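Student: I have a structure open in front of me, and I would like to learn how to read it. Could we go through some features together?
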Amino acid sequence: MITSTTNPLVKELVRLRSRRHRDAAGRFVVEGARNVERAIASGTTIIQHIIAPELGGRPADTALATTELAEGPFRKVSARQNPDGVMVVAAQLETHLERLDPPPDCLLLVVESVEKPGNLGAMFRTCDALGADAVLVADPATDIHNPNVVQSSQGALFTVPTAVASTGQVIAWLRHRSITLVGLTPAADEELWDVDLTGPIAVAIGSESVGLSAEMLEAATPALITMAGTVDSLNASVTAALALYEATRQRRQV
């Protein structure tokens, strides 16, 4: 059991909190028994399996070699307030656009420059809940391997096909496949409920601060979610959930 907080493994796990180091190493940390189990079930390449028995950690897969950390070192590397003593180091996920093969009547979520990891992770959960066919992250402002994205996705990061690309690449990919792009914006004239969402559709959600880019809006059919209060915007993950549920509702009525 590793008991020192200055152990080389502990230092490396701390460094993996940095996006620059994650990208350089091609690795990221998945923490929590549920997330780890879903990562393993998805076929994600597991590089190292780490548990803290003092925190109740047990091997998520008996076939994996396991490294044990004492409670102190595990808490040092954990990104959670109440860690359950289970984590793995995994190879970063494949995120090339061309790996996606959506069905003819696909429902996709395009997430452009969303800044808050918790919002991005919550969007993965919504897509998993609704059976959406993929998430396309355009011009990412946060990294899908960020610990807060992984945690807030509750394992959906490993169940929903994902691609990361520039806004221009995402638009070109959608056009090539004749997938209609619907962009949520308060500047739209047509309400979301009046837009036909029954065909091959990609719903686009923009950043929390500025919304969708001019490039994305020019390529999209704009749609509005009407609000009756005094605030001028909804949380990005809430907007995504409303749009995807409306698309699902329309499809069930066809």
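**Reading salt bridges, strands and cores**

Tutor: Let's start with a pair of charged residues: a salt bridge joins the side chains of Glu 12 and Arg 15, with N and O 3.0 Å apart. Keep in mind that this is a predicted model.

Student: How far apart in helix H1 are Glu 12 and Arg 15?

Tutor: They are three residues apart in helix H1 (residues 8–15), so about one helical turn separates them.

Student: And are these two side chains buried or exposed? I mean Glu 12 and Arg 15.

Tutor: For this we need the cut-offs: buried is under 20% relative accessible area, and exposed is over 50%. Glu 12 has 21%, so it is partly exposed. Arg 15, with 41%, is partly exposed too.

Student: Which residue forms a salt bridge with Arg 22?

Tutor: That is Asp 143, with the closest N and O atoms 2.9 Å apart. This pair links distant parts of the chain, 121 residues apart: Arg 22 sits in helix H2 (residues 19–25), and Asp 143 in the loop between strand E6 (134–138) and helix H6 (147–153). Arg 22 has 1% relative accessibility, so it counts as buried. Asp 143 has 6%, so it is buried as well.

Student: How many salt bridges does a search of the whole structure find?

Tutor: It finds seven. One of them joins Arg 249 and Glu 246, at 2.7 Å from N to O. These residues are three apart in helix H9 (residues 236–253), so again about one helical turn lies between them. Here the two ends have their own labels: Arg 249 is partly exposed at 38%, whereas Glu 246 is buried at 7%.

Student: Now the strands, please. How should I think about the two sides of a strand?

Tutor: In a regular strand, side chains alternate between the two faces of the sheet. Try strand E5 (residues 107–112): six of its six residues are buried, so the rest of the structure largely encloses it. On one side are Leu 107, Leu 109 and Val 111, on the other Leu 108, Val 110 and Glu 112, and all of these are buried.

Student: Which strands pair with E5? I would like to find E9 and E6.

Tutor: E5 pairs in the parallel sense with strand E9 (residues 201–205), over five bridges. There, Val 111 stands opposite Ile 205. E5 also pairs in the parallel sense with E6, over five bridges, and Ala 134 in E6 is the bridge partner of Leu 108. Follow the chain from E5 through helix H5 (residues 117–130) to E6, and you trace a right-handed β-α-β unit.

Student: Why is strand E4 largely enclosed by the rest of the structure?

Tutor: Five of the six residues of E4 (residues 86–91) are buried, so the rest of the structure largely encloses it. E4 pairs in the antiparallel sense with strand E1 (residues 27–31) over five bridges, where Val 30 is matched with Val 88. Strand E2 (residues 46–51) is also antiparallel to E4, over five bridges, and Gln 48 has Val 89 as its bridge partner.

Student: What is the idea behind a nonpolar core?

Tutor: In soluble globular proteins, nonpolar side chains tend to be buried together. The largest nonpolar core here has 42 residues, and Val 30, Leu 109, Met 123, Phe 124 and Ile 205 have the most contacts inside it. Another core lies apart from it, with 21 residues that include Leu 181 and Met 216.

Conventions: Residues are numbered from 1 along each chain as its sequence is written. This is a predicted model: local features need pLDDT of at least 70, side-chain atom pairs count only at pLDDT 80 or more; totals for chains, interfaces and linings use all residues. Side-chain values use heavy atoms; hydrogens and water are left out. Buried means under 20% relative accessible area, exposed over 50%, partly exposed in between (1.4 Å probe, protein chains only). Helices (H or I, at least four residues) and strands (E, at least two) are DSSP runs, numbered from the N terminus. Two strands pair if DSSP finds at least two bridges between them. A nonpolar core is a set of buried Ala, Val, Leu, Ile, Met, Phe, Trp, Tyr and Cys residues joined through side-chain atoms within 4.5 Å. A salt bridge is a side-chain nitrogen of Lys or Arg within 4 Å of a carboxyl oxygen of Asp or Glu. A crossover is right-handed if, with the strands pointing away from the viewer, the path from the first strand over the helix to the second runs clockwise.
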